[in-house]
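Here is a brief report on selected local features of one chain. Please read it alongside the sequence and the model.

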Amino acid sequence: MRRLIRLLALLSSMASMPPASAATLALHVAPNGNDAWSGQQAVVGAGDGPLRTLVAAQRVARRALAAGQAVRVLIQPGLYPLSEPLEFGPADSGTAEQPTVYEATEAGRAVISGGQVLKLKATKAGEALYVAPAVGAAFWAGGPQLYVNGQRAVLAREPDDGHYWFAGQPVAVPGEASRSLGHEAFRAEPAALAFVQRLSAEERERTLVHVMQSWTSGRHHLAPSAPADALRLIPGASRPFLHFGPSQRYYVENVAAALDSPGEWLGSPAGVRYRLQPGDRTPPIAVLPLLDQ
């Protein structure tokens, strides 16, 4: 009788086990991998090894999930840049009993980045020069970011970091709606006007005026024309200038004329320039964020 009970218990446990096709597939991803490999080996050997990109791992995982396998993607330490957002949908889903898992093999050591590591061309005259990625002029005019040796660099600005100009009285402009008076133009300090007036037509198109608005701020382009002794901005500010008091700060950025201090940078289709500062690790590692999400 005891043997019968043991046999029934064994058969019951075997019946409750998932089928072989549902066994978890472990996929490995590593910076030294190859997307032509299977990804089922953690290390390189015998013509196989880990995958190189998360996009490839997702593609292999989806095929396995469609075949009824559970998937576990193991991401080894390193940098994994994305050329487009990595999107997950129903095709990536496992089940409550066998969820799909993407995890780092070492916590905090796998970095998924929407930025591109720039190729260093030269370091001379206190500047590091990098090859610009293949992006349009609109990208540079938008005032992008740059991280150098892990720290966000200062987009070339005037006055320099820590200093500001102060907006004067709002100025009405022709055609401005009555409910929007004071949102487009304000009296500017002589130093600010002189700086802007020295800019070339090409630089004016990419100039950004960064205006503080109490707890927030806005980045604006220069309008083609402006009242005398005033700066006119497009698009208009969300609040009238000086709405929160007389000490409204602003500065101008994203132009070569402002690239004059260590830690500042500027990019264009011709390349990316970064002004070296004391203590910078050499060669400086520059990462340019490219993805919006």
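## Positive phi in loops

Ser-214 sits in the loop between strand 16 (208-213) and strand 17 (216-222). The model is predicted. In it, Ser-214 takes a positive phi of about 55°, although this residue is not a glycine. Ser-214 counts as partly exposed because its relative accessibility is 49%, and the partly exposed class runs between 20% and 50%.

Leu-242 is another non-glycine residue with a positive phi, here near 65°. Its place is the loop between strand 18 and strand 19. Is Leu-242 buried or exposed? Its relative accessibility is 18%, so Leu-242 counts as buried; the cut-off for that class is under 20%.

## Cis peptide bonds

The loop between strand 18 (230-234) and strand 19 (249-253) also holds Pro-235. A cis peptide bond links Ile-234 to Pro-235, with omega at about -10°. Ile-234 falls within the range of strand 18, given as 230-234.

Another cis peptide bond links Thr-282 to Pro-283. Omega is about -5° there. Pro-283 belongs to the loop between strand 21 (271-275) and strand 22 (286-289).

## A buried aspartate

Asp-48 lies in the loop that runs between strand 1 (25-29) and helix 2 (54-66). Asp-48 is buried, yet it forms no salt bridge. Which side chain of opposite charge is nearest to Asp-48? That is Arg-63, 11 Å away. A salt bridge needs a nitrogen-to-oxygen distance within 4 Å. Arg-63 falls within the range of helix 2, given as 54-66.

What does the side chain of Asp-48 meet in a polar contact? Its partner is the side chain of Ser-38, at 2.7 Å. Ser-38 is also among the residues in contact with Asp-48 once neighbours within four places in sequence are set aside. The others are Trp-37, Gly-39, Gln-41 and Val-43.

## A nonpolar surface patch

Which residues make the nonpolar surface patch of about 300 Å²? They are Leu-79, Val-111, Val-117 and Ile-285.

Val-111 belongs to strand 5, which spans residues 110-113. Val-111 counts as partly exposed because its relative accessibility is 40%. Patch residues must have over 30% relative accessible area. Ile-285 comes from the stretch between strand 21 (271-275) and strand 22 (286-289), where Pro-283 also lies.

Technical notes: Residues are numbered from 1 along each chain as its sequence is written. This is a predicted model: local features need pLDDT of at least 70, side-chain atom pairs count only at pLDDT 80 or more; totals for chains, interfaces and linings use all residues. Side-chain values use heavy atoms; hydrogens and water are left out. Patches are made of residues with over 30% relative accessible area and no salt bridge: like charges are joined within 9 Å, nonpolar side chains (Val, Leu, Ile, Met, Phe, Trp, Tyr) within 5 Å. Accessible areas come from the Shrake-Rupley method with a 1.4 Å probe; for residues, only the protein chains shown count as cover. Helices (H or I, at least four residues) and strands (E, at least two) are DSSP runs, numbered from the N terminus. Buried means under 20% relative accessible area, exposed over 50%, partly exposed in between (1.4 Å probe, protein chains only). Lys and Arg count as positive and Asp and Glu as negative; His and the chain ends are not counted. A polar contact is a pair of N or O atoms within 3.5 Å; within protein, one must be able to donate a hydrogen and the other to accept it, and residues adjacent in sequence count only if both atoms are side-chain atoms. Contact means heavy atoms within 4.5 Å.
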